[in-house]
Amino acid sequence: MSIFVELFVEVNVVTKKKQYVTIKGTKDGLTLHLDDNCSYDDLLRELEEKLTVSEKIEPDSPLVSVHLKVGNRYLTPEQEEELRTLIRRTKNFVVSSIESNVLTKEEALEWKRKTEIVSVSKIVRSGQVLHVQGDLLLIGDVNPGGTVIAGGNIFILGALRGIAHAGYYGNKEAVIAASVMKPTQLRISDVMNRAPDYKTDEGNEMECAYIDEHNQIVVDRLQLLMHLRPNLTRLERRM
Amino acid sequence: MGEAIVITSGKGGVGKTTTTANVGTALAILGKRVCLVDTDIGLRNLDVVMGLENRIIYDLVDVVEGRCTVQKALVKDKRFDNHLYLLPAAQTSDKSAVTPEQMKQLVDELKQDYDYVLIDCPAGIEQGYRNAVAGADEAIVVTTPEVSAVRDADRIIGLLENEEHMKPPRLIINRIRGHMVKNGDMLDVDEIVMHLSIDLLGIIADDENVIKASNKGEPIVLDPNSKASIAYRNIARRILGESVPLLPLEEDRKGLFSKIKKLFGVH
């Protein structure tokens with residue numbers, strides 16, 4: 001009987017001791033771990049308590065950046081804003097980032113769209129535009145007058161004879177690779193490059209285009225990419 | 001129930017009308033019942049090339065607007081008893097006189113009576129093109145070995161591939177000049193076919209006699225000795241499903257000396 005009571009007491013103590021807000025100091029500033037099982041209101045209450053209880057700091061002391069970890073809790077933009085203002089109001093803290101393990105479905109889909117490799121098997125002919133959000137893997141050619149656009153990289157297994165625009169939303173790291181590189185124009189992010197006015201009889205086989213350190217589009221051997229853009233190796237999807 | 005084939009190219013002046021006239025005539029020679037439909041309303045030519053201009057009484061627009069029946073508007077080519085007919089375009093209106101739906105209805109009606117309905121498409125990709133394509137089951141794209149014509153053919157093929165009711169288009173390369181190809185001054189057949197990557201239906205060498213025959217209103221196919229005539233007949237046979245090898249462009253009637261030179265790679 002007595003053991004039972006003791007056990008009960010101990011459980012009670014543990015739950016009572018369990019804190020919703022844990023503060024940890026790291027070399028980059030403070031990290032606030034916010035519990036993800038309690039209700040949002042409880043969390044707010046305890047956060048306010050915790051931050052106001054501790055000792056007063058001089059008003060002109062420097063701002064401390066705070067990293068919020070909210071675990072498996074989804075915060076709406078309004079809630080995020082609420083937390084930010086609460087923390088800013090009570091202490092000389094400023095929230096530098098909020099990290100949550102949870103994504104909304106739309107965010108997840110958007111993320112997928114932007115990072116997935118879309119494979120398309122067709123010939124992009126004159127007057128046609130093929131536009132994908134993520135990386136494009138084209139199994140076919142781009143004929144003169146045809147355009148391919150991708151938010152990420154463009155890989156063409158056939159011949160590129162039209163226009164290719166990689167990194168459409170401003171990604172300067174994006175690359176364009178083609179088995180036969182004879183484009184009329186290459187565009188990466190906001191940089192543009194066009195074919196020379198004279199005709200060359202060079203091989204132009206297995207080549208890639210990227211933006212170099214001078215902010216110019218350069219065309220070179222495909223094999224160089226592994227050194228220039230090691231990020232292209234993705235056994236798992238990149239973040 | 002026949003088959004409707006549209007002959008198109010995008011670019012003007014590559015030989016759509018000549019091809020329509022000759023392939024149609026060749027199919028008629030091979031014993032098929034053929035109806036040629038000119039959809040180039042306002043700029044009709046097919047009747048002239050066929051030599052049927054002065055027999056036109058009613059035209060396509062008259063049929064569509066219900067002023068006469070199709071049968072009444074069809075012009076019979078007397079050279080091929082009951083095998084070849086022409087539905088001429090109107091010369092007085094323009095492309096907007098007909099809608100794609102009306103064209104489809106008309107072509108469907110013609111398909112009941114004929115083995116092949118060949119539709120001569122106007123140049124361009126606007127209303128005239130849409131009218132011509134609406135009723136077709138199949139398309140033949142005509143191009144010449146010029147970069148601009150190939151570019152337009154590519155555009156047209158792209159549009160045709162979006163037409164779900166149609167089979168994949170096939171290609172005719174017209175007016176090839178063997179010696180220019182040999183000297184590298186003209187795109188060669190392989191290059192064009194690889195670029196457009198559709199099936200090749202036939203190639204036709206450049207031949208002055210084609211122009212002469214057109215001016216006389218007699219399709220070149222009627223002259224059995226011309227090379228272009230054989231090429232058109234071969235195309236007709238391929239449409240019927242026969243497998244006919246392509247004609248060589250340059251006859252090898254050179255002397256021993258040039259053969260030896262060739263052997264050593266001296267041209």
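**Chat about the A/B model**

Modeller: Val14(B) sits in the loop between β1 (3-8) and α1 (16-29) of chain B. Keep in mind that this is a predicted model.

Colleague: OK, and which residues does the UniProt "binding site" annotation cover?

Modeller: In chain B, the unreviewed entry lists Lys11(B), Gly12(B), Gly13(B), Val14(B), Gly15(B), Lys16(B), Thr17(B) and Thr18(B).

Colleague: Which of these residues are in the lining of the second largest pocket?

Modeller: That lining includes Gly12(B), Gly13(B), Val14(B), Gly15(B), Lys16(B), Thr17(B) and Thr18(B).

Colleague: Switching to the interface. How many residues does the contact take from each chain?

Modeller: Chain A gives 9 residues and chain B gives 12 residues. The two chains bury about 860 Å² between them, with carbon and sulfur atoms giving 39% of that.

Colleague: Which three residues supply the most of the area chain A buries?

Modeller: Arg125(A), Ser126(A) and Pro144(A), with 56% of what chain A buries against chain B.

Colleague: And how many salt bridges go across the interface?

Modeller: The rule finds 2 between chain A and chain B. One of them joins the side chains of Arg125(A) and Asp154(B), at 2.9 Å from N to O. There are also 7 residue pairs in polar contact across that interface, both residues at pLDDT 80 or more.

Colleague: What's the mix of residues on the side of chain A that touches chain B?

Modeller: It's 2 nonpolar, 4 polar and 3 charged.

Colleague: How many salt bridges does the structure hold over all chains?

Modeller: 22 over all chains. Among them is Glu110(A) with Lys114(A), whose closest N and O atoms are 3.2 Å apart.

Colleague: Where do Glu110(A) and Lys114(A) lie?

Modeller: Both are in helix α4 (residues 105-115) of chain A, 4 residues apart, so about one turn of the helix separates them.

Technical notes
Residues are numbered from 1 along each chain as its sequence is written. Chains are lettered from A and ligands numbered from 1 in the order in which they are written. This is a predicted model: local features need pLDDT of at least 70, side-chain atom pairs count only at pLDDT 80 or more; totals for chains, interfaces and linings use all residues. Side-chain values use heavy atoms; hydrogens and water are left out. Contact means heavy atoms within 4.5 Å. Buried area is the accessible area (1.4 Å probe) that two parts lose on being put together, summed over both. A salt bridge is a side-chain nitrogen of Lys or Arg within 4 Å of a carboxyl oxygen of Asp or Glu. A polar contact is a pair of N or O atoms within 3.5 Å; within protein, one must be able to donate a hydrogen and the other to accept it, and residues adjacent in sequence count only if both atoms are side-chain atoms. Ala, Val, Leu, Ile, Met, Phe, Trp, Tyr, Cys and Pro count as nonpolar, Asp, Glu, Lys and Arg as charged, and the others, Gly among them, as polar. UniProt positions are given in the numbering used here, feature names are shortened, and annotations may be inferred rather than shown by experiment. On a 1 Å grid over the protein atoms alone, a cavity is a set of points where a 1.4 Å probe fits but cannot get out, and a pocket is an open set with protein on both sides within 12 Å along at least five of seven lines; lining residues have an atom within 4 Å of a point. Helices (H or I, at least four residues) and strands (E, at least two) are DSSP runs, numbered from the N terminus.
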